[in-house]
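User: Hi! I am new to reading protein models and would like to walk through this one with you. Could we take it one question at a time?

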Amino acid sequence: MEFGNPYQAPQNPEPAQANIYVNDRFLLMPKNTSLPERCLKCSEPPAKRYTQKLFWVSPWVYLCFLINILVLLIVYLVTRKTTAVSYSLCARHAKEKRMRNWTLAGFGAGIILFLIACAALESIVPLWLAIASMVAMIIFSLVKPLPLTVKKFEKNQFWIKGAGDEMLTLFPKITDAEVAPKSPSS
Ligand SMILES: [Zn+2]
């Protein structure tokens, strides 16, 4: 169920797609960017539009875990870079995304039920099942990631993976040398 918001500013029919470049399998995008109205994965006609929030933190931040999980959390929240990318999916890929969400929700419900059973039955077995479900859930979310993932953030550009071959041909290619020009002004 989706109703138009009468208070929303009119959508720009040609979203800003300037400053997007391609390097290998990655889209290099500035903060908050829109991708063209075609399936992100296969370039078929779009069935649904999404906006995905993406976060990136420098990998060293995770070393804060060695100090304290609270320190890790604070440093993560303070230093993380966020962006939102809007993109479209065709009916088939939208269905795949929906199935992923349902599978994760299923794991989540299973974990809660096992934890409840653990308390109700005063047994340790459901706790192990809950932990096993949690591990399975993490593995599943890594094997089937969200349509877009961030690999790195450099020079105000997010390196984003997940676009299909045809989408990658729509933007100018940029070499590693061009990505990091030896400019004294930066
Ligand atoms: Zn598709």
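User: Where in the chain is asparagine 32 placed?

Analyst: Happy to start there, and please keep in mind that this model is predicted. Asparagine 32 belongs to no strand itself; its place is in the loop between S2 and S3.

User: Is asparagine 32 buried, partly exposed or exposed?

Analyst: Here we count neighbours: a residue needs 20 or more other C-beta atoms within 10 Å to be buried, and 12 or fewer to be exposed. Asparagine 32 has 14 C-beta neighbours inside 10 Å, so the residue counts as partly exposed.

User: What is the phi value of asparagine 32?

Analyst: This backbone angle is worth a look, as asparagine 32 is a residue other than glycine and still has a positive phi. The value is near 50°.

User: Which loop holds lysine 155, and is lysine 155 buried or exposed?

Analyst: Lysine 155 lies in the loop between S6 and S7. Like any residue other than glycine with a positive phi, lysine 155 deserves a second glance, and its phi is near 50°. With 11 C-beta neighbours inside 10 Å, lysine 155 falls under the limit of 12 or fewer, so the residue counts as exposed.

User: In what order do the elements of the chain run?

Analyst: Let's begin with the totals: the chain has five helices and seven strands. Writing α for a helix and β for a strand, from the N terminus on we read β-β-β-β-α-β-α-α-β-β-α-α.

User: What is the strand order of the four-strand sheet?

Analyst: This is an open sheet with antiparallel pairing. Its edge strands are S1 (21-23) and S6, each of which pairs on one side only. The twist averages 30° from one strand to the next. Reading across the sheet, the order is S1-S2-S7-S6.

User: Which residue is the bridge partner of asparagine 23?

Analyst: We can look at how S1 meets S2: the two pair in the antiparallel sense over three bridges. For asparagine 23, the bridge partner lies in S2 and is phenylalanine 26.

User: How many bridges join S4 to S5?

Analyst: These strands are in an open sheet of three strands, with mixed pairing and the order S3-S5-S4. Its edge strands are S3 and S4 (48-56), and the twist averages 20° from one strand to the next. S4 and S5 run antiparallel, and one bridge pairs tryptophan 56 with lysine 81 of S5. The number of bridges joining S4 to S5 is nine.

User: Which strand gives the largest share of the largest nonpolar core?

Analyst: The largest nonpolar core has 19 residues, and Leu27, Met29, Leu40, Val85 and Ile160 have the most contacts inside it. Two or more residues come from each of S2 (26-29), S3 (33-39), S5 (81-89), S6 (149-154) and S7 (157-161). The largest share is four residues, and the strand that gives them is S2.

User: Which residues does leucine 40 touch, not counting those up to four places away in sequence?

Analyst: Leucine 40 is one of the core residues with the most contacts inside the core. Leaving out residues up to four places away in sequence, leucine 40 touches Leu35, Tyr87, Ser88, Leu89, Pro147, Gly162, Ala163, Gly164 and Met167.

User: Why are H2 and H3 called roughly antiparallel?

Analyst: Two packed helices are described by the angle between their axes and the distance between the axes. The axes of H2 (residues 91-121) and H3 (residues 125-143) come within 8 Å and cross at roughly 165°. Angles over 145 degrees count as roughly antiparallel. The two helices are therefore roughly antiparallel to each other.

User: What is the handedness of the crossing, and which residues of H2 make the contact?

Analyst: H2 passes H3 in a left-handed crossing. On the H3 side, the contact residues include Pro126, Ser133 and Phe140. On the H2 side they are Thr103, Leu104, Phe107, Gly110, Ile111, Phe114, Leu115, Ala117, Cys118 and Leu121.

User: What separates the C-alpha atoms of methionine 134 and leucine 104?

Analyst: Methionine 134 lies in helix H3 and counts as partly exposed, with 15 C-beta neighbours inside 10 Å. Methionine 134 and leucine 104 are 30 residues apart in sequence. In space, C-alpha to C-alpha, they are apart by 10.0 Å.

Definitions and conventions: Residues numbered from 1 in each chain as written. Predicted model: local features only at pLDDT ≥ 70, side-chain atom pairs only at ≥ 80, totals over all residues. Core = buried A, V, L, I, M, F, W, Y, C linked by C-beta atoms within 7 Å. Contact = placed C-beta atoms within 7 Å. Pairing = 2+ DSSP bridges. Axes fitted to C-alpha atoms, helices over the stretch in contact; angles between N-to-C directions. Parallel < 35°, antiparallel > 145°, perpendicular 65-115°, else oblique. Left-handed = near helix turned anticlockwise from the far one by under 90°.
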